[in-house]
Amino acid sequence: GGAFGPGVAAGQTASPKKNTAAANVKDLGLWGNGGTCAVKSDGLIDCWGVSWTVSANGHTTSLEMAAGWDHYCVLEVGGQIWCAGTCSHGQCGQIRFTGNGHIFMQGLQIGYTALKTSHKNTCAVGWDGYPYCLGSNDNRQVDMYNPGSGWCADNDCFDTPHKMPGVNRVADIGSSGDSSCMLQVGTGSVVCQNGFNIYGVC
């Protein structure tokens with residue numbers, strides 16, 4: 001409970017609740033496990049309703065936030081991404097649990113311009129315009145041809161940012177639990193990837 005802010009009990013969802021603790025917010029991330037995080041206009045981060053303490057570790061240049069089921073990631077002004085939470089699918093990189101700390105995404109020496117997460121993946125658009133994802137590849141939502149490594153909960157995953165093969169430059173990217181979709185530059189067309197096309201999402 002507590003995802004609606006202090007003093008708002010679980011189950012009180014009949015009407016929208018204003019969270020008076022959050023002000024000057026420019027971006028939000030909603031955790032699947034019941035928490036909410038906000039990037040404020042001063043670049044600081046506030047979180048509430050989560051089951052463990054989240055720390056922004058002094059970062060004051062946060063630009064965009066995305067949250068999965070039990071992890072969240074933040075895109076900073078300089079193009080770096082850092083993540084925190086429980087990361088059993090490799091979606092935070094080469095670590096399974098960050099505690100109340102954070103880790104920077106490693107393995108790609110370029111910055112990013114857009115950020116999306118799902119409960120098993122973290123995806124971003126690099127400064128080179130190409131899409132990169134890490135995390136679960138159980139439905140081939142990251143790479144149709146290469147399953148990835150085998151240490152994570154799904155056996156198939158990438159724990160470093162993986163450039164999605166066969167995809168041209170993109171303007172934006174979206175990630176769900178089983179698929180990745182991208183808005184291509186210039187054409188306005190949407191390309192989706194899911195090796196098994198579960199539920200017809202692609």
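Q: How many bridges join β12 to strand β13, and in which sense do they run?

A: In this predicted model, β12 is joined to β13 (residues 180-184) by 5 bridges, and the two strands run antiparallel. Among the facing residues, Asp 172 stands opposite Leu 183 in β13.

Q: What makes β12 and β13 count as paired strands?

A: Pairing asks for at least two bridges between two strands. β12 and β13 have 5 bridges, so they qualify as a pair.

Q: What is the order of the strands in the open sheet?

A: The open sheet has 3 strands in the order β12-β13-β14, and their pairing is antiparallel. Its edge strands are β12 (170-175) and β14 (190-193). From one strand to the next, the twist averages 20 degrees.

Q: Why are β12 and β14 called edge strands?

A: Each of β12 and β14 pairs on one side only, and that is what the name edge strand refers to here.

Let's turn to another part of the model.

Q: Why is His 71 called buried?

A: The cut-off for buried is under 20% relative accessible area. His 71 has a relative accessible area of 0%, so His 71 is buried. This residue lies in strand β5 (residues 71-76).

Q: What makes the link between the side chains of His 71 and Thr 122 a polar contact?

A: A polar contact needs a pair of N or O atoms within 3.5 Å, one able to donate a hydrogen and the other to accept it. The side chains of His 71 and Thr 122 are joined at 3.1 Å, so the distance fits within that limit.

Q: How do you know that strand β9 is largely enclosed by the rest of the structure?

A: In β9 (residues 121-126), 6 of the 6 residues are buried, so the strand is largely enclosed. Both faces are covered: Asn 121, Cys 123 and Val 125 are buried on one side, and Thr 122, Ala 124 and Gly 126 are buried on the other.

Q: Which strands does β9 pair with, β8 and β10 being the ones to look at, and over how many bridges?

A: Strand β8 (residues 112-117) pairs with β9 in the antiparallel sense over 5 bridges, and 5 bridges also join β9 to β10 (residues 131-136), again antiparallel. Since a pair needs at least two bridges, both links therefore count. Thr 117 stands opposite Thr 122 in β9, while Val 125 has Pro 131 in β10 as its bridge partner.

Q: How many residues lie between the strands in the hairpin of β8 and β9, and how many in that of β9 and β10?

A: The hairpin of β8 and β9 has 3 residues between the strands. The hairpin of β9 and β10 has 4, and there Gly 129 takes a positive phi near 90 degrees.

Conventions. Residues numbered from 1 in each chain as written. Predicted model: local features only at pLDDT ≥ 70, side-chain atom pairs only at ≥ 80, totals over all residues. Heavy atoms only, no water. Buried < 20%, exposed > 50% of the residue type's maximum accessible area, 1.4 Å probe, protein only. Axes fitted to C-alpha atoms, helices over the stretch in contact; angles between N-to-C directions.
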